[in-house]
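The following note sets out numbered comments on the structure shown below. Please read each point alongside the coordinates.

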2 protein chains.
Amino acid sequence: MKSSTQTLTQKIRVVLAEDQSMLRGALAALLSIETDIEVLGSFPNGEQALQAVAKHRPHVLVTDIEMPMMSGLELTGRVKELYPETRVLILTTFARPGYLRRALEAGACGYLLKDRPSEELADAVRQVSRGARVVDPQLASEIWSAEKDPLTDRERLILRRAGEGETTAELARSLRLSEGTVRNYLSEAISKLGASNRIEAARIARNKGWL
Amino acid sequence: MKSSTQTLTQKIRVVLAEDQSMLRGALAALLSIETDIEVLGSFPNGEQALQAVAKHRPHVLVTDIEMPMMSGLELTGRVKELYPETRVLILTTFARPGYLRRALEAGACGYLLKDRPSEELADAVRQVSRGARVVDPQLASEIWSAEKDPLTDRERLILRRAGEGETTAELARSLRLSEGTVRNYLSEAISKLGASNRIEAARIARNKGWL
DNA sequence: CGGAACTGATGACAAGTGTCATTGTGATGC
DNA sequence: GCATCACAATGACACTTGTCATCAGTTCCG
């Protein structure tokens, strides 16, 4: 009764969180084909998925990272905190060491990339439900070699917004800072990232998953 | 024998093109569940898909737009040119009138968004195979109201590269133009798009599918 | 043929951006 | 208690960017 492994008579109960409808439906279909997996429900955002986890207490939660309302990383943290029996498998497009690190810190048991073959998904779900860790091997090795985000909170915030086209003056106004201060933060960020202007700096930071 | 509609004994033959493995596999699974649809193969880029179309002459080609090697729009054009019997259904993330217009111009019969429910896919495939047009209704109405790309080739090229962080000087050098000319193109693009700087202009153009 | 549109250039000015040195505050940590 | 760091500011300087008027060659269309 209190065994944590799945027996043949006991299906692996899964909840899905993925914001893109087509993929959400297709993944549900894919997992439902497996005889040892049962999809309890699939949801387009973190909040709904969290409620479903509260209600169904699934063995495994499969979740995307970038979703509206509540991100997959936030969701992972909440689930680990409230329902630690539920194992979390992250399924994302982004091969960014930054995301992987944050996912593991939040308590995820697996990190699978969307450009892996679809056959790996059911397998990953099984492994995670058994208590094993499943992390993309290429990414796992990068996490140690990868430098970590050198930006401070303020630098990150300002760089993100500057990278979307907000001008120094607009940023200063909306953050109640002087223009000089804003330019100082940007200058710091640019030099930390080895860029030659705010646009390139924002691009670099985005690619590393730091924004 | 020469009837173009599918009878009950004749499955709809489908080829899939989608660069993200997980989605590709999941979509294939989703379509294979349908008893009247047969997935002949699925491919990660336009070139391989084109070869598959040449070989199998499917009723329907379901393709993404943004793919390496050959984009879905280019693929659509080639297929319509070489194998006009094969109907093309575009399946994409992007609700951009610009993409829809280009897709229809290239000869696509359908345009379905990835954030539509997965149940609609099989239905869209059936409709398209019957010769019907399937276009997202919201998007279809936007296409008429939507303004078309006001940028010239040069403006577009320069704006794209500027939006990735290249400076005026770098652009001038690599395009063999004077810096003044580069700034003129950017200034024109910025004013045409109603932006207040190159970053915002690039963002606007990207969102409309013009870059 | 003449006009329109695209491309490319120049010069000048205003505005915005990136850099640096320097100063100060508060919080965290050994 | 003193060092370190994030946060915030100032002033000054050089450089980049955005704007505008203006000109000229090419191509294409009616």
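1. Thr168(B) places a polar side-chain atom 2.5 Å from a phosphate oxygen of DNA strand D, and Arg183(B) places one 2.6 Å from a base oxygen of that strand. On chain A, an N or O atom in the side chain of Asn184(A) is 2.7 Å from a base oxygen of DNA strand D. A polar contact here is a pair of N or O atoms within 3.5 Å; within protein, one must be able to donate a hydrogen and the other to accept it, and residues adjacent in sequence count only if both atoms are side-chain atoms.

2. This is a predicted model, in which local features need pLDDT of at least 70 and side-chain atom pairs pLDDT 80 or more, while totals for chains, interfaces and linings use all residues; side-chain values use heavy atoms, without hydrogens and water. Residues are numbered from 1 along each chain as its sequence is written, with chains lettered from A and ligands numbered from 1 in the order in which they are written.

3. DNA strand D is surrounded by 19 residues, the closest including Arg154(A), Tyr185(A) and Arg198(B); a residue is near a strand if one of its heavy atoms lies within 4 Å of it. Sugar and phosphate make up 59% of the atoms of DNA strand D within 4 Å of the protein. H9(A) supplies the largest share of this surface, five residues. Helices (H or I, at least four residues) and strands (E, at least two) are DSSP runs, numbered from the N terminus.

4. For DNA strand C, 17 residues form the surroundings, with Thr152(B), Arg154(B) and Tyr185(B) among the closest. A polar side-chain atom of Thr168(A) lies 2.6 Å from a phosphate oxygen of this strand, and an N or O atom in the side chain of Arg198(A) is 2.7 Å from a phosphate oxygen. Asn184(B) instead has a polar side-chain atom 2.8 Å from a base oxygen of DNA strand C.

5. Chain A also contains an open sheet of six strands with parallel pairing, in the order E2-E1-E3-E4-E5-E6; two strands pair if DSSP finds at least two bridges between them. Strands E2 (37-43) and E6 (134-135) of chain A stand at the edges with a single partner strand each, so one side of each lacks a neighbour in the sheet. Four bridges join the parallel strands E4 (residues 87-92) and E5 (residues 110-113) of chain A, and Leu89(A) stands opposite Gly110(A) in E5(A).

6. The domain assignment, automatic or from a database, divides chain A into domain 1 (12-145) and domain 2 (153-207). Their C-alpha centres lie 33 Å apart.
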